[in-house]
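Here are my notes on this one, jotted down while going through the coordinates. Have the structure open as you read.

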Amino acid sequence: MKALKLSKLWFLLVVTILIVGCVSELSDKFRLQHEGEENFDEIPAENSKYGDFDFETVKEYRIQLRALDLNDAPLQGANVRLYVSNPLDENGNLKDNIDRYQVFNGMTDANGRLISIINPAATYDSLYILPNYIGLPSYYVIPLDHSNIDLVIGGAQNVSQGIQSGEVRSFTTPSVDYHDGYYWLGSVTNNGNIGYLESPDFSIESGFIQDINNMFPSGQSIPNNKPELMDINTDGSLHLTEATGIDLTFVSDNVSSKHSFGYYTYPTNSPPSSANDVTNKTLIFPRLGKISAGNTVKIYYLDPATNQYTATFPTGVSVGWFMIKTGWNKFNKVKNSNIFFSNHKLNQQASSNTDDDDDD
């Protein structure tokens, strides 16, 4: 019975980890149309950077961009920024004073489309594209070698043509905040709402939800039907073989609204041997009852050498997960007991405390 109780606490919280590599393979989410193929719609005058003024030292480029989801449906409201100089530093954050290199900033319309004319100085030879929308690739670089450029970002079957992709989600890393035995990623209200959700929410595909339901059928015992998940040697940590950024999306739960969820990190070649060895527990969702399906949080690596956060988790680091049974304890406080880890070897005997689901 205790094994079943632990399984309900851990496995009925289902999360999706979205990993975007800082140095990754060429994206397959992009298509480039060259000059001479006439399918551009009329470009709104207000989207022209310099109108009809004739500069001898600048070049004019006609940009049409379409943003598509994985089903090739148009994405409305996706923010896209265009730069003529690399806007990101080595950690995937926006550089200081980079706005002077921004040539366009807009949102896709109901057809998933942006149309603009840009007139950068003739000395610039590349266009840097930063979509700020969860579910789209985050970073593109293309050559400015054609005056008409038709871009398709996202979609199911797009062809890669010389694109480099990288990681950019959040441009400001949080300050390190430690109290009550945990690190906190940002502000939390007295009733458990967090102030650091990504916007907009991630769109969860129905097929993915079906896969989860197939893995964890309602009303069936996980120890009996998925005994491999209860193996003491099972380690649910994420072991990184290259530097990367990590976003985490909440999908669903069927547990107490006061349970808390978080993560910790350690060198892959030096894992903790007991719960006491985990010294950097960081809360992601202090109160599960205050989040909804699709809510997404960017998590950060706490560099032990500098005690500062970075958006990039380095190679050779592992990320583990933990849940605190009825952890929320009012007024930005979380109990430091009844913790269950994704690495079963770290788990202690479960307490007999009962859940308290009253809202505060």
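1. Contacts and overall make-up. Bear in mind that this is a predicted model. Of the contacts in the chain with a separation of 6 or more, 77% are between residues 24 or more positions apart. The chain has 20 strands and 3 helices. Of its 360 residues, 46% are buried. The accessible surface comes to about 17800 Å², and carbon and sulfur atoms own 46% of that.

2. Confidence. Mean pLDDT for the chain is 74, with 72% of residues at 70 or more. Among the elements, β14 has the highest mean, 95, while strand β1 (residues 14–21) has the lowest, 40. Two stretches deserve a flag. Over residues 158–171 pLDDT stays under 50, although the model gives that stretch 66 contacts beyond four places in sequence. Residues 349–358 also stay under 50, and there the model has 22 such contacts. I'd read the contacts of both stretches with those pLDDT values in mind.

3. Strand β14. How many residues of β14 are buried? The count is 7 of the 8 in residues 260–267, so the strand is largely enclosed by the rest of the structure. β14 has antiparallel pairing with β19 over 8 bridges, and Tyr264 has Gly320 of β19 as its bridge partner. β14 also pairs with strand β15 (residues 282–285), again in the antiparallel sense, over 3 bridges. There, Gly262 is matched with Leu283 in β15.

4. The aromatic pairs. The structure holds 10 aromatic pairs. Take Tyr264 and Tyr266: their ring centres are 5.9 Å apart and their planes meet at 25°, so this pair counts as stacked, the cut-off being under 30 degrees. Both Tyr264 and Tyr266 are buried. Phe322 and Phe341 make a tilted pair, with 6.5 Å from centre to centre and 55° between the planes. Phe322 sits in strand β19 (residues 317–324) and Phe341 in strand β20 (residues 339–341), so this pair ties together parts 19 residues apart in sequence.

5. How the rings link up. Which residues do the ring pairs join into a cluster? They are Tyr182, Tyr264, Tyr266, Phe322 and Phe341. As for cover, Phe322 is buried with a relative accessible area of 0%, and Phe341 is buried at 3%. Add the buried Tyr264 and Tyr266, and you have four cluster members to look at alongside β14, itself largely enclosed.

6. A separate look at one sheet. In what order do the strands of the four-stranded open sheet run? The order is β5-β4-β7-β8, with antiparallel pairing. At the edges are β5 (102–107) and β8 (140–143), each pairing on one side only. From one strand to the next, the twist averages 20°. Inside the sheet, β4 (residues 79–83) and β7 (residues 126–132) run antiparallel and are joined by 5 bridges. To find the register on screen, start from Asn79, which stands opposite Asn132 in β7.

Key
Residues numbered from 1 in each chain as written. Predicted model: local features only at pLDDT ≥ 70, side-chain atom pairs only at ≥ 80, totals over all residues. Heavy atoms only, no water. Pairing = 2+ DSSP bridges. Helix = DSSP H or I, 4+ residues; strand = E, 2+ residues; numbered from the N terminus. Axes fitted to C-alpha atoms, helices over the stretch in contact; angles between N-to-C directions. Buried < 20%, exposed > 50% of the residue type's maximum accessible area, 1.4 Å probe, protein only. Contact = heavy atoms within 4.5 Å. Areas by Shrake-Rupley, 256 points an atom, 1.4 Å probe, with all protein chains shown as cover. Phe/Tyr/Trp six-rings, centres within 6.5 Å; stacked < 30°, edge-to-face > 60°. pLDDT = per-residue confidence, 0-100.
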